[in-house]
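Work through the exercises below with the sequence and the coordinates at hand. Each task is followed by a solution in steps.

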Amino acid sequence: MFERFTADARDVVKTAFTYVEGGGGGGQCVEPEHLLLAVLDRDGSRGAFALAALGLRSAGRRESVREALREARRRAGLSRAESEALAGLGIDVAEIVARVEEVHGVGAMSGDRKDTRWWSGRPSFGRGAKDVLERSLRVALAQRDRHIGDEHILLALTLRPGVPAEVLADHGVTYESLVGVLYGGGGEAKAG
């Protein structure tokens, strides 16, 4: 599958790994959130064009996405929908986070482990990131594209339920809006 990746898509994957290795994205596996952060960092690509067309390229809007991802990570990666479902069972996620952070410090539930002596080696892809990359292939095939670009990764992120899709939708970026910008509804690429 990776042989179909464009240089932009490969750069997204490499950048996602740097978020994990540098500790800036949390965890020890590349997850969908890392892929979203990496797509946000792109310039001059089809994904960057689509985000700009949807108003998500300004520094303030990108920082808003980063902040929403940080907040979700503080909730142990739970989306708002998952937090609301737990609230329906009488579990107050905000209260749990507050209590854990009171005892163990801010970000204790985020998976950002400072002590990684038990873990050695390079980060790998988490289940969610693998799913996004597989979906990006299916998205590219559905659009009759012969390559997988960063725009396909972005489209796949909007299709997979979870924090990245929720955060993107909150910022006006959905699968439908991206397809409209990238393909204009006709199947042939408009952007880039």
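## Exercises on a predicted model

A salt bridge joins the side chains of E63 and R70, with N and O 2.4 Å apart. The model is a predicted one, and the exercises begin with this pair.

**Exercise 1.** Classify E63 and R70 as buried, partly exposed or exposed.

Step 1. The class between the limits of 20% and 50% relative accessible area is called partly exposed.
Step 2. E63 has 37% relative accessibility, so E63 is partly exposed.
Step 3. R70 has a relative accessible area of 31%, so R70 is also partly exposed.

**Exercise 2.** Determine which parts of the chain the salt bridge between R66 and D41 ties together.

Step 1. The side chains of R66 and D41 meet with an N to O distance of 2.4 Å.
Step 2. R66 belongs to helix 4 (residues 59-74) and D41 to the loop between helix 2 and helix 3, so the bridge ties together parts 25 residues apart in sequence.
Step 3. R66 is buried at 17% relative accessible area, while D41 is partly exposed at 32%.

**Exercise 3.** Do the analysis for E151 and R46, which also form a salt bridge.

Step 1. The closest N and O atoms of E151 and R46 are 2.6 Å apart.
Step 2. E151 sits in helix 8 and R46 in helix 3, and this pair links distant parts of the chain, 105 residues apart.
Step 3. Buried means under 20% relative accessible area. E151, at 2%, is buried, and R46, at 12%, is buried too.

**Exercise 4.** Decide whether helix 8 is largely enclosed or largely open, and name what covers its buried residues.

Step 1. Nine of the ten residues of helix 8 (residues 150-159) are buried, so this helix is largely enclosed by the rest of the structure.
Step 2. Among the buried residues are D150, E151, H152 and T158.
Step 3. The cover includes helix 1 (7-21), helix 2 (32-40), helix 3 (46-53), helix 7 (127-142), helix 9 (163-170) and helix 10 (175-183).

**Exercise 5.** Check the length of helix 7 against its expected span.

Step 1. At 1.5 Å a residue, the 16 residues of helix 7 should span 22 Å.
Step 2. The end C-alpha atoms of helix 7 are 22 Å apart, which agrees with the expected span.
Step 3. Just after helix 7, R144 takes a positive phi of about 60 degrees.

**Exercise 6.** Locate I91 and state which surface patch it helps to make.

Step 1. I91 is in the loop between helix 5 (80-88) and helix 6 (93-104).
Step 2. Its relative accessible area is 33%, so I91 is partly exposed.
Step 3. L89, I91 and I96 make a nonpolar surface patch of about 280 Å².

Definitions and conventions: Residues numbered from 1 in each chain as written. Predicted model: local features only at pLDDT ≥ 70, side-chain atom pairs only at ≥ 80, totals over all residues. Heavy atoms only, no water. Buried < 20%, exposed > 50% of the residue type's maximum accessible area, 1.4 Å probe, protein only. Helix = DSSP H or I, 4+ residues; strand = E, 2+ residues; numbered from the N terminus. Contact = heavy atoms within 4.5 Å. Expected span 1.5 Å × (residues − 1). Patch = residues over 30% accessible without salt bridge, like charges linked within 9 Å, V, L, I, M, F, W, Y side chains within 5 Å. Areas by Shrake-Rupley, 256 points an atom, 1.4 Å probe, with all protein chains shown as cover. Salt bridge = Lys/Arg side-chain N within 4 Å of Asp/Glu carboxyl O.
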